[in-house]
Amino acid sequence: MKRYQEDPETPTHLRKLLESARGDDLDAQRTQRVAKRMGIAAALAMAPESAVFPAAARAHAPLAKTTLRTLVVVGAGLCLVGGVAGTSSWRSPGDTAGPASTPRATAITSAPTATPATTPTPTPLEPVIVAPQVAPVPAMSVAALPNAKVAPRAAHADPAPTATPATEDDGDDLHAELLALEAVRKATSEGRPRAALSLLDGYAAKHRAGKLREEASVLRIEALASSGDRAGASRLADRFLRESPNTVYGPRVRAAVSRASSPEQQ
Amino acid sequence: MAIARVVVAAEEIDASDDDSGAPSRLEPRSPASTARLAALFAEHAGFVARTLRRLGIPDGDVEDGLQEVFIVAQSKLDRIEPGKERSFLFGIARRRASTVRRSISRTMARIDRVSVGIEMSEPAPDSGERAEQAHARAALDAVLDALPLDLRTVLVLHELEEMETADIAELLDIPLGTVASRLRRAREKFEIEAEAVRDALARSDGLVNR
């Protein structure tokens, strides 16, 4: 069905009505206000390609599809493991990042999670937000990951569940960890648990003191369960839960092991 | 008034509404959750804001509505299926808009709302274009308010957000045929209501320019 705006026979008054909605976007200032009230302004500002807080914003210009596609800030556990990690901090509206918080959520460019067809075609008068000029995040492929020996899973040393305190130079490390575990998540979601396990071996070798070891453990348990290694998943889950009895990932880990043990999985 | 309206709307959430019991804004949040929430916000805040506006939330209430949507999302981060983030957020926004619409007084006739919009948009000496834009936007609100929410939803997604019908079907989790049917009915009603508003605007212009 042809849209009104695409149909030359659309009456003028209808066209004017619909065109009046082109200014419906919330401007950057108002959007930023909301972000501040939610206490996520710092996390957004950390994103080098964040379009919410651009260095220079132009109003009334098309919102480019590619700009939208670079607006992803992937934090620890975002697309990796849901839920709340072991450490937490109180945030109140309007908080900016303090030393107790971890504004380490670095921004990376991620592949679109939706197909191009789901992206609305920008109209000419929609406001554009220009991202600051920064070096693009290098794309990483599985092949680019450091070579890791695929040791027997049962013998592999699992990382401790608690994260080490943040330091000044942790931004790049966390970024690398995020990329690595994002690849793991992607492999798992695509039904490739063995590939996910290989990637996790690479992660463990490269980030022995990584901040996302807990998340990596959870992903490993899930990958083991998906691969059919019920015994391995159960062993790792037992150890994980023993070492982190209060982990928020408890239900998720138990569910993964339970699924692996269900009759449907046999 | 903007904040009060949204708060009142929140209190009128149906018992069956899955968004009820949204957590306090002071709920502890891990760095990981903050980062994930920030990512969702960066990716989808614009779409959510436009959706709220176009589904009936007045412009002055959109900020509060946007915050409410993401607060609910924050409480359910672990339930959001990867790749379904926009659909998830849209669902929350749609329910919010529905609640706010119910709480807005309906004693004001659609035509009156257009007239009030015109009165409130006192044109500055050099902002004739802005005034006309404001009038048109107020008129659009009046027209869209006349549509049932399910018809309004598909119309704004198709005509204003310029989504394809297949994508709308996926977003709303309804059959493609249902989208097509609703869109057809929405356009019919939209055109009828637009005619009524145009006539009212013409009458108002006649009165003003006498």
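Which side chain does the side chain of B:Thr153 meet in a polar contact of 3.1 Å? To find out, select B:Thr153 and display the side chains around it: the partner is B:Arg94, where a polar contact is a pair of N or O atoms within 3.5 Å, one of which, within protein, must be able to donate a hydrogen and the other to accept it, residues adjacent in sequence counting only if both atoms are side-chain atoms.

Before going further, note that this is a predicted model, in which local features need pLDDT of at least 70 and side-chain atom pairs count only at pLDDT 80 or more, while totals for chains, interfaces and linings use all residues. Residues are numbered from 1 along each chain as its sequence is written, chains are lettered from A and ligands numbered from 1 in the order in which they are written, and side-chain values use heavy atoms, with hydrogens and water left out.

Stay on B:Thr153, which belongs to helix H7 (residues 149–160) of chain B, helices being DSSP runs of H or I with at least four residues and strands runs of E with at least two, numbered from the N terminus. A polar atom of the B:Thr153 side chain also lies 2.6 Å from the backbone oxygen of B:Leu149. With a relative accessible area of 1%, B:Thr153 is buried (buried means under 20% relative accessible area, exposed over 50%, and partly exposed in between, with a 1.4 Å probe and protein chains only). Apart from residues up to four places away in sequence, B:Thr153 touches B:Leu55, B:Phe90, B:Arg94 and B:Leu172, contact being heavy atoms within 4.5 Å.

Now select the whole of H7(B): 11 of its 12 residues are buried, so this helix is largely enclosed by the rest of the structure. Among the buried ones are B:Arg152, B:His158 and B:Glu159. Following the helix is B:Glu162, whose phi is positive, near 60°.

Widen the selection to chain B, which has 9 helices and 0 strands and in which 53% of the 210 residues count as buried. Of the contacts in chain B between residues at least 6 apart in sequence, 74% join residues at least 24 apart.

Next, look for the largest nonpolar core, a set of 65 residues in which B:Phe41, B:Leu66, B:Phe70 and B:Phe190 have the most contacts; such a core is made of buried Ala, Val, Leu, Ile, Met, Phe, Trp, Tyr and Cys residues joined through side-chain atoms within 4.5 Å. Helix H2 (residues 31–54) of chain B gives the most to this core, with 10 residues. Clicking on B:Leu66 brings up contacts that include A:Leu26, A:Val34 and B:Phe41. A second, separate core of 29 residues includes A:Leu197 and A:Phe240.

Finally, turn to the aromatic pairs, of which there are 3 over all chains, rings of Phe, Tyr and Trp (its six-membered ring) being paired if their centres lie within 6.5 Å, with planes under 30 degrees apart counted as stacked, over 60 as edge-to-face and the rest as tilted. Select A:Tyr4 and B:Phe190, whose ring centres are 5.7 Å apart and whose planes stand at 40°, so the pair is tilted. This pair crosses between chains, from the segment before helix H1 (12–19) of chain A to helix H9 (residues 176–208) of chain B. A:Tyr4 is buried at 3% relative accessible area, and B:Phe190 is buried at 0%. Add B:Arg187, which lies over the face of A:Tyr4 at 4.1 Å from the ring centre; a charge sits over a ring if NZ of Lys or CZ of Arg is within 6 Å of the ring centre and within 35 degrees of the ring normal.
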